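Here's a quick tour of some aromatic rings, a surface patch and a few cysteines. Have a look at the model first, then read on.

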Amino acid sequence: MALLALGINHKTAPVEVRERVAFAPEKLAQALHEARLHARLSEVAILSTCNRTELYCSTTELEGSRALLEWLGRYHGLDVDELQRCSYAYWDDEAVRHMMRVACGLDSLVLGEPQILGQLKSAFSVSQAEGLVSVELGRLFRSTFSVAKNVRTQTAIGQNPVSVAYAAVSLAQHIFADLGKSRALLIGAGETIELVARHLKRAGVQQITVANRTLARALSVAEEFNGRAIELGQIPDELPQTDILIASTASQLPILGKGAVEAALKKRKHRPIFMVDIAVPRDIEPQVGELNDVYLYTVDDLKEVIEENQRERQSAARDAEGIIETGTLEYMRRLRELDAVDTLTLLRQSAHETAAQELEKAMRMLANGKPAEDVLQRFAHGLTNKLLHQPTVQLRQASAEGREELLQLVQELYQLTPPDHSGS
């Protein structure tokens with residue numbers, strides 16, 4: 001049985017191809033069964049995210065990667081040769097290593113991002129529910145999750161923010177001890193603000209207000225996070241209740257000026273306001289940063305944080321690679337040990353059968369009145385000859401054919417010291 005990891009990702013395929021190869025969640029179960037049938041797989045799981053689509057399989061088919069690509073092409077209506085050019089296939093220990101790197105976020109667009117581990121666990125769960133993960137893949141997934149846990153607990157791979165949105169929220173956590181008691185005002189309603197809102201929600205912020213030039217768009221974002229929506233003209237009225245303000249619009253002129261912030265600070269009795277201006281050009285007048293009780297950061301400030309954190313993550317990634325390599329070697333060692341189990345079982349079964357046959361002869365001899373000492377000697381002699389007959393024949397043949405490695409292997413197995421024929 002061989003392990004195979006086949007797929008495409010953000011490094012090998014443009015988004016136009018990745019979109020077409022993605023699997024809709026509601027169709028994943030059916031796709032799993034089709035893949036198993038058409039590519040003659042023993043087990044299969046599919047990981048499908050915005051940045052990658054990967055199939056993890058156990059198979060006895062040495063040409064399994066081509067068969068799987070052909071099925072993938074037919075399923076999504078893609079040319080197989082085109083798919084081949086932007087895909088990769090890893091076998092056995094390389095498949096194990098790749099899967100562990102994916103789970104730890106080392107193969108992600110954002111180094112060390114944690115979401116991929118949850119997505120991988122979901123892929124395992126779906127395949128398991130369909131009865132398409134058994135011994136081989138089940139063992140691999142569990143080992144992968146264990147290695148990923150070790151990487152998270154033993155390195156700093158996920159502790160330092162490397163996105164603008166996450167960095168902004170992380171800075172807020174340094175200013176306010178308990179974000180659950182803080183009120184946030186987000187200016188803008190684009191993708192960055194959506195991501196900021198998501199991070200704020202995860203950090204415990206319960207009260208989020210979204211201000212935008214178009215109220216309908218502000219409502220669309222706010223509703224997702226149980227927040228409020230206001231128009232830009234209402235920002236001065238909202239400021240006195242705001243602890244965290246993050247702005248990211250496409251405006252060519254500042255939206256928030258020094259005067260409005262000064263007025264809000266008086267009403268707040270100088271309770272601090274944390275502000276992050278992610279926009280370029282800036283949404284907040286630079287003079288706002290001169291005010292006492294205002295902590296104002298720009299996108300350049302965040303970039304410095306992100307670059308430093310990226311360097312720290314890269315250092316942690318090197319430690320993670322070491323844990324993954326150890327995990328891969330340990331997994332493959334256990335796999336080879338399990339491969340020996342069947343052979344050892346057959347060997348023991350054969351020895352027991354031979355012993356039973358010789359014991360039956362001995363019992364008959366005793367029943368016929370033969371002396372016990374003679375019977376035991378004949379039993380020991382017969383059992384030794386039977387156990388060693390076939391190995392002796394094979395070793396003689398191996399020696400005649402010059403296969404010295406087999407003789408050396410037997411000497412190692414039985415810890416034999418060959419006689420010295422040097423004549424000294």
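Y90 has a relative accessible area of 27%, so it counts as partly exposed, since that value falls between the 20% and 50% cut-offs. Keep in mind that we're looking at a predicted model here. The ring partner of Y90 is Y88, and the two make a tilted aromatic pair, with 5.5 Å from centre to centre and 40° between the planes. Y88 itself is buried, because its relative accessible area is 11%, under the 20% cut-off.

That's one pair, but how many aromatic pairs does the structure hold? The count comes to 9. Another of them joins F23 and Y75: the ring centres sit 5.3 Å apart and the planes meet at 40°, so this pair is tilted. Where do the two residues come from? F23 belongs to the loop between α1 (15-21) and α2 (28-38), while Y75 is part of helix α3 (residues 64-76), so the pair ties together parts that are 52 residues apart in sequence. As for exposure, F23 is buried at 8% relative accessibility, whereas Y75 comes out as partly exposed at 27%.

Here are the two pairs set out together.

| Aromatic pair | Centre to centre | Angle between planes | Class |
|---|---|---|---|
| F23 and Y75 | 5.3 Å | 40° | tilted |
| Y88 and Y90 | 5.5 Å | 40° | tilted |

Aromatics also gather in a cluster, made up of Y56, F124, F141 and F145. F145 has a charged visitor too: K121 lies over the face of its ring, 5.7 Å from the ring centre. That distance is within the 6 Å cut-off for a charge over a ring.

Over to the surface. L409, L413, Y414 and L416 form a nonpolar patch there, and together they offer about 450 Å² of accessible area. L416 sits in the segment after α15 (404-413). Is L416 buried, exposed or partly exposed? With a relative accessibility of 48%, L416 counts as partly exposed, because the exposed class starts over 50%. It can still belong to the patch, because patch members need over 30% relative accessible area.

Finally, the cysteines. How many disulfides turn up in a search of the whole structure? The answer is 0. Two cysteines worth a glance are C86 and C104. C86 is buried, with a relative accessible area of 8%, and C104 is buried as well, at 1%.

How values were computed:
Residues numbered from 1 in each chain as written. Predicted model: local features only at pLDDT ≥ 70, side-chain atom pairs only at ≥ 80, totals over all residues. Heavy atoms only, no water. Patch = residues over 30% accessible without salt bridge, like charges linked within 9 Å, V, L, I, M, F, W, Y side chains within 5 Å. Areas by Shrake-Rupley, 256 points an atom, 1.4 Å probe, with all protein chains shown as cover. Salt bridge = Lys/Arg side-chain N within 4 Å of Asp/Glu carboxyl O. Helix = DSSP H or I, 4+ residues; strand = E, 2+ residues; numbered from the N terminus. Buried < 20%, exposed > 50% of the residue type's maximum accessible area, 1.4 Å probe, protein only. Phe/Tyr/Trp six-rings, centres within 6.5 Å; stacked < 30°, edge-to-face > 60°. Lys NZ or Arg CZ within 6 Å of the ring centre and 35° of its normal. Disulfide = S-S within 2.5 Å.
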